[in-house]
Structure formats: C-alpha cells, structure tokens
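The exercises below are meant to be worked through with the sequence and the model open side by side. Each task is followed by a solution that proceeds step by step.

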Amino acid sequence: MNFGKLKMYVGGELIDSVNKSEKTILCTENNETITELSCADKYDAEKALKDAKSGYGSWTKLKHKRRKEIVFQKLSKTNIKMMCCFQN
C-alpha cells in the first residue's frame, strides 16, 4: 500500500520542505515503498517555530473542542487511511 507523498503541516497548511528533501519509507515485510516524507531542514524548523509563536495566542483562546475540530479537518484522507492501517 503506497500512501503517496506526505507533507509537513506548518502555518496551517501542508507544505514541502524548502530544500525539497524527501525520505522513502519502506515496508519491512516486502521492501515496497509505503510513502515519501518531506524532510525538514533548519529553514523549515525556523518557519514552523515562527508560525507557532504567532498563532499561539489565538490558538490558546479557542476551546478544546474547536481546536480538535480544526486539527481533524486538516488531516487528509491519506493520513487517516495510514493511521488506520497501522492501528490494525
């Protein structure tokens, strides 16, 4: 089962790494590709930290239920399928 390319969630959106670096994840059973992951570098980490700091105040003012709704809305169907696959 190949889940395609998985991006990083930064600043409220799914993005590729600045350097376009990726890591191939293989199934240990048959050595087939499961997914390609975007790999963060220093610039990606700095952007994520900056975005997290800028959104912290408004995020903490939201009720827990609303924060949970936002997070689950952002999950792609691929990510949901992947989590279900690994839970079995």
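**Exercise 1. Describe the surroundings of Ser 17 in this predicted model, and decide whether the residue is buried or exposed.**

Step 1. Begin with the contacts that are remote in sequence: once the neighbours within four places are set aside, Ser 17 is in contact with Met 8, Ser 38, Cys 39, Ala 40 and Asp 44.

Step 2. Place the residue in the fold: Ser 17 belongs to the loop that runs between strand E3 (13-15) and E4.

Step 3. Look next at the polar partners of the side chain. The side chain of Ser 17 makes a polar contact of 2.9 Å with the side chain of Asn 19, and a polar atom of the Ser 17 side chain also lies 3.1 Å from the backbone nitrogen of Ser 21.

Step 4. Apply the cut-off for burial, which is under 20% relative accessible area. Ser 17 has a relative accessibility of 1% and therefore counts as buried. For the chain as a whole, buried residues make up 15% of the 88 residues.

**Exercise 2. Work out how E4 and E5 are paired, and which strands stand at the edges of their sheet.**

Step 1. Establish the pairing: strand E4 (residues 22-26) and strand E5 (residues 33-38) run in the antiparallel sense and are joined over 5 bridges. One of the residues to inspect is Thr 24, whose bridge partner in E5 is Glu 36.

Step 2. Follow the chain from one strand to the other. E4 and E5 form a hairpin with 6 residues between them, and within the turn Asn 31 has a positive phi of about 65°.

Step 3. Extend the view to the sheet, which is open, contains 3 strands in the order E1-E5-E4 and shows mixed pairing. Strand E1 (5-6) and E4 each have a single partner strand, so one side of each is left without a neighbour in the sheet, and these two stand at the edges.

**Exercise 3. Characterise Cys 27 by its location, its accessibility and its contacts.**

Step 1. Cys 27 is found in the loop between E4 and E5.

Step 2. Because its relative accessibility is 21%, Cys 27 counts as partly exposed.

Step 3. Leaving out residues up to four places away in sequence, Cys 27 touches Glu 32 and Ile 34. Its C-alpha atom is separated by 9.5 Å from that of Asn 2, although the two residues are 25 residues apart along the chain.

**Exercise 4. Which elements supply the lining of the largest pocket, and which residues are closest to its centre?**

Step 1. Start with the volume: the largest pocket holds about 520 Å³ of space. It is lined by 21 residues, of which Tyr 9, Val 10, Gly 11, Gly 12 and Trp 59 are the closest to the centre.

Step 2. Assign the lining to elements. Strand E2 (8-10), helix H1 (42-61) and helix H2 (64-74) each supply at least two residues, and H1 gives the most, with 8 residues.

**Exercise 5. Judge where the model calls for caution, beginning from the order of its elements.**

Step 1. The chain has 3 helices and 5 strands, which run β-β-β-β-β-α-α-α from the N terminus on.

Step 2. The mean pLDDT is 81, and 84% of the residues reach 70 or more. Among the elements, E4 has the highest mean pLDDT (90), whereas helix H3 (residues 77-87) has the lowest (52).

Step 3. Where pLDDT is low, the predicted coordinates should not be read in detail.

Key: Residues are numbered from 1 along each chain as its sequence is written. This is a predicted model: local features need pLDDT of at least 70, side-chain atom pairs count only at pLDDT 80 or more; totals for chains, interfaces and linings use all residues. Side-chain values use heavy atoms; hydrogens and water are left out. Two strands pair if DSSP finds at least two bridges between them. Helices (H or I, at least four residues) and strands (E, at least two) are DSSP runs, numbered from the N terminus. pLDDT is the predictor's confidence in each residue, from 0 to 100. Buried means under 20% relative accessible area, exposed over 50%, partly exposed in between (1.4 Å probe, protein chains only). A polar contact is a pair of N or O atoms within 3.5 Å; within protein, one must be able to donate a hydrogen and the other to accept it, and residues adjacent in sequence count only if both atoms are side-chain atoms. Contact means heavy atoms within 4.5 Å. On a 1 Å grid over the protein atoms alone, a cavity is a set of points where a 1.4 Å probe fits but cannot get out, and a pocket is an open set with protein on both sides within 12 Å along at least five of seven lines; lining residues have an atom within 4 Å of a point. Grid points are joined across faces, edges and corners, and a volume is the space filled by probe spheres set on the points.
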